[in-house]
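Subject: Handover of the two-chain model

Hello,

I am passing this structure on to you, with notes on what was found in it. Please have it open while you read.

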Amino acid sequence: MSEPVLRLEHLHKRYGDFIAVHDLSLTVPRGSVYGFLVPNGAGKSTTIRMALSIYEPTAGKVEILGRSSALEVRNRIGYLPEEKGLYKKMRAVEVIAYFGMLKGMSRADANRKAAELLERYGLAEKSKVRCEALSKGMQQKVQVLASIVHAPEFVILDEPFSGLDPVNQEVLEQVIADLAKAGATIVFSTHVMEHAERLCDRIVLIARGRRLFDGTLAESKRILPRRVLLETGAAPEQLARLPGVARVERTGGESPGQSARYEVLVSEGARADEILSACFRSGIELHSFDKNDPSLRDVFLKLVSRAEAEEVVA
Amino acid sequence: MRYAFLVALREFAEHTKTKGFWIGILLFPVLLAAGFQVPRLLEKYAKPTRNFVVIDPSGSLAGVIDAAIETDYQKKNGVALLQWTEQHKGEAESPAYEPIKRLYRRVELPADLAGTSLEETKANLRPFLKGERDWEVDGQPEELFALIVLPDHENKLKKGVEFWCTNLADTGLSDIVESAFTEHLKSREYESKGIDRKELERIVRIQVELERLDPKKAPGEEEVSQAEKIRQWAPIGFVYMLFVAIMTVAQMLLGSTIEEKSNRIVEVLLSSVTPWELMLGKLLGVAFVGVAMLLAWLVSIMAVLSYFSGAGQETAGILMGLLVAPGLIVPFAAYFVLGYLMYSSILLGIGSTCTTLKDAQNFMGPVMTLLMVPLFTMFFIVQDPNGTLATVLSWIPIFTPFVMMNRMAGDPPTAQIAGTFVVLTISVAFSIWFSGRIFQNGILRTGQPPKFLELLKLVRKA
């Protein structure tokens, strides 16, 4: 595998007595779409700013695109901060081109590319409009475009979806997908798990300045025990005896003897389809069988609440 | 450096694209031209004719006033005619000369206002004098400006002339009347004592004139001319221009910094440029704006002066000469650059720690108050350019640009010019460094502006 685009090693950031980031290590491999799932106030912006050399870490090491400082490779990085703003008096195309030039593009290239991006993402007729006259959603799109106009190989988007309507969210998903297709590595943070689930190859979860999880989407789901939802007339004791079943919980339905709904927790190492075949072998009649993978949302809530509980104990 | 330059270009474009900037630039020559032209036009057209009534019980004294007013008019008309001739010199076809307007007109007291006694007449005229009623002149309603009541005999003239008028500011008419009767009494005295008036006037006019010489000038050129005197006062204009220019552009810089901060553009910027590049770019960009503004002003001043210097105005010609001579314009350019860098870096440092313009204005208060010092002392320093006050203030870096500019015409000692220049340059470098440290830490700061001690902490932390 080629070198990672971002490697954080034992990163600490402290403001006086307040610890914003605590011993954070993570690696963003090249070519991935990386979801940064962080609750509010958990050190996300601080981490990003340290990665981009806007802040100096109190301790620890940053390696970005193979360098120790983002400033050395700043023209290969695109960044959209969480709190976004534009020059009110500048025209949309001018702002995008300006940020392109600040990333080393020539004036002609920047202008051409800015116009091209506005065209591609449906803002062509707004290109000569002053930013103050754009709607909030359009402004945000312009900001996203301004952060990627120089075709960066590594893009950090902090909350790119917040404040966008569903139509524009879809446009933004398209932008991210296009970037990924072009070979860029994308890190984006979001509170909307559905976006992360749809777009990410890998996710990292940070709470209270500490990393709780870092891995692929599939790996994250293994954190929660897998469950099967089924509906049957068989008794719950009968289900519990089946191999691969850890626990059975009734979630609704008729009284015993008739059809009822159960949530079955799959024991570690077992597979959901083993339970299905065991049911057939034991002659248990199933009215429905649903392999219910935990959602990223469940994983997130579980991990965050566990981390908070640990903190209380500690 | 390329990035700082890009930031500078954007900054320059942002400020010069506003309407306000161009209005400011264009308004300046208009106001300047108006400053030259309007008083003359006002004199010519706007000043109303002053109507006055004379009550002359003796019947022989009113003529003295009439004669004096006629002489006054002829004198002013003569001057105007001379100017007109000068203006149209060499023109093949010039418009006919139009005599100037008469400023004072004696009107007769109508019979219906003349009371049986003097007191009654005065009472009748009061409403007209107070402006409550209009006076009719040739069927037109006009204002009655004054009532002059003369004594019944010229022996009582010395203390017996009453001048009734509500306007205390316009002393034109009262001056004429006063000097007319003074002259009248004097010549009566001369005659009665048998004194040759002409001879006496010659004696009275004898006056010793000091030859004003400047020991600093080369032999043969020591004579102090009118131009010299104007040159002495000219720095005030430059100091004022320096003050306005520095304040205007420093405020622009503060405004744009706060905009970037409150709009949160700054974070994107900082992922592309370093805080130093950003600060340097902003300083440069706004400096260009200031230079553009000053150039526009200087050019328009020159244009206005050269237009008026042709029209018989010696002063305009002298001022023009001062503007193009290097003695004042070179230090002006140098002090503008250094003064600008000093104040704008201070404001930039302050601005970077504040999220709103209001917060920043709280910090601005003390800075502005300090800046008032060179304005207050401007006139004293011109009169005593190498005195203690001037010398002391010159060595305080934040005042140096203004005070030294102020002293320039007084030929301050070379050692002081060089010394204060070095101190100023070092202070500017320090203030850029100091503000740069604050800027670096302050620019991403949100929330409340820092206290003064916290500012120092920001400097240390950087």
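The notes below take the interface first, then chain B, then single sites in chain A, and lastly the salt bridges.

Please keep in mind throughout that this is a predicted model.

**Interface of chain A and chain B**

On the chain A side, 25 residues are in contact with chain B, which contributes 23 residues of its own. Together the two chains bury about 2300 Å², and carbon and sulfur atoms give 57% of that area. Within chain A, the residues that lose the most area to chain B are Arg74(A), Tyr87(A) and Leu102(A), which together make up 27% of what that side buries.

Four salt bridges are found across the interface. In one of them the side chain of Arg74(A) meets that of Glu277(B), with 3.2 Å from N to O. Arg74(A) is thus named twice here, as it is also among the residues of chain A that lose the most area to chain B. There are also 10 residue pairs in polar contact between the chains, counting pairs with both residues at pLDDT 80 or more. Helix α2 of chain A (residues 92–102) gives the most to the side that touches chain B, with five residues. By class, that side of chain A has 13 nonpolar, three polar and nine charged residues.

**Chain B as a whole**

Chain B has 17 helices and six strands. Its radius of gyration is 32 Å, whereas the globule rule gives 23 Å for 462 residues, so chain B is more spread out than a compact globule. Along the principal axes, the C-alpha atoms of chain B fill a box of roughly 95 × 60 × 55 Å. Of the 462 residues of chain B, 43% count as buried. Among contacts in chain B with a separation of 6 or more, 73% are between residues 24 or more positions apart.

**Single sites in chain A**

Two residues of chain A have a positive phi although neither is a glycine: Asp23(A), at about 45°, and Leu65(A), at about 50°. Asp23(A) belongs to strand β2 (residues 18–28) and is partly exposed, with 36% relative accessibility. Leu65(A) sits in the loop between β4 (59–64) and β5 (77–80) and is buried, at 4% relative accessible area.

Helix α1 of chain A (residues 44–51) is mostly covered, with seven of its eight residues buried. Among these buried residues are Lys44(A), Ile48(A), Arg49(A) and Met50(A). Just after this helix, Ser53(A) takes a positive phi of about 60°.

Thr185(A), in strand β7 (residues 185–189), is buried at 0% relative accessibility. Leaving out residues up to four places away in sequence, Thr185(A) touches several others, including Val5(A), Val28(A), Glu153(A) and Phe154(A).

Glu173(A) is part of helix α5 (residues 166–181). With a relative accessibility of 13%, Glu173(A) counts as buried, the cut-off being under 20%. Beyond its neighbours within four places in sequence, Glu173(A) is in contact with Phe161(A), His195(A), Arg198(A) and Leu199(A).

**Salt bridges**

Over all chains, the count comes to 43 salt bridges. As background, side chains of opposite charge can pair when their charged atoms come close.

Glu63(A) forms a salt bridge with Arg7(A), where the closest N and O atoms are 3.6 Å apart. This pair links distant parts of the chain, with Glu63(A) in strand β4 and Arg7(A) in strand β1 (residues 6–15), 56 residues apart. Glu63(A) is buried, at 17% relative accessible area, while Arg7(A) is partly exposed, at 26%.

Glu159(A) and Lys44(A) form another, with the closest N and O atoms 3.0 Å apart. Here too distant parts of the chain are linked: Glu159(A) is in the loop between β6 (154–158) and α5, Lys44(A) is in helix α1, and 115 residues separate them. Both Glu159(A) and Lys44(A) are buried.

In chain B, the side chains of Lys122(B) and Glu119(B) meet in a salt bridge at 3.5 Å, N to O. These two are three residues apart in helix α4 (residues 118–129), so about one helical turn separates them. Lys122(B) is buried, at 9% relative accessibility, whereas Glu119(B) is exposed, at 53%. Elsewhere, salt bridges with shared partners join Arg10(B), Glu11(B), Glu14(B), Glu260(B) and Lys282(B) into one network.

Regards

Note on methods. Residues are numbered from 1 along each chain as its sequence is written. Chains are lettered from A and ligands numbered from 1 in the order in which they are written. This is a predicted model: local features need pLDDT of at least 70, side-chain atom pairs count only at pLDDT 80 or more; totals for chains, interfaces and linings use all residues. Side-chain values use heavy atoms; hydrogens and water are left out. Contact means heavy atoms within 4.5 Å. Buried area is the accessible area (1.4 Å probe) that two parts lose on being put together, summed over both. A polar contact is a pair of N or O atoms within 3.5 Å; within protein, one must be able to donate a hydrogen and the other to accept it, and residues adjacent in sequence count only if both atoms are side-chain atoms. Helices (H or I, at least four residues) and strands (E, at least two) are DSSP runs, numbered from the N terminus. Ala, Val, Leu, Ile, Met, Phe, Trp, Tyr, Cys and Pro count as nonpolar, Asp, Glu, Lys and Arg as charged, and the others, Gly among them, as polar. The radius of gyration is taken over C-alpha atoms; the globule rule is 2.2 Å times the number of residues to the power 0.38. Buried means under 20% relative accessible area, exposed over 50%, partly exposed in between (1.4 Å probe, protein chains only).
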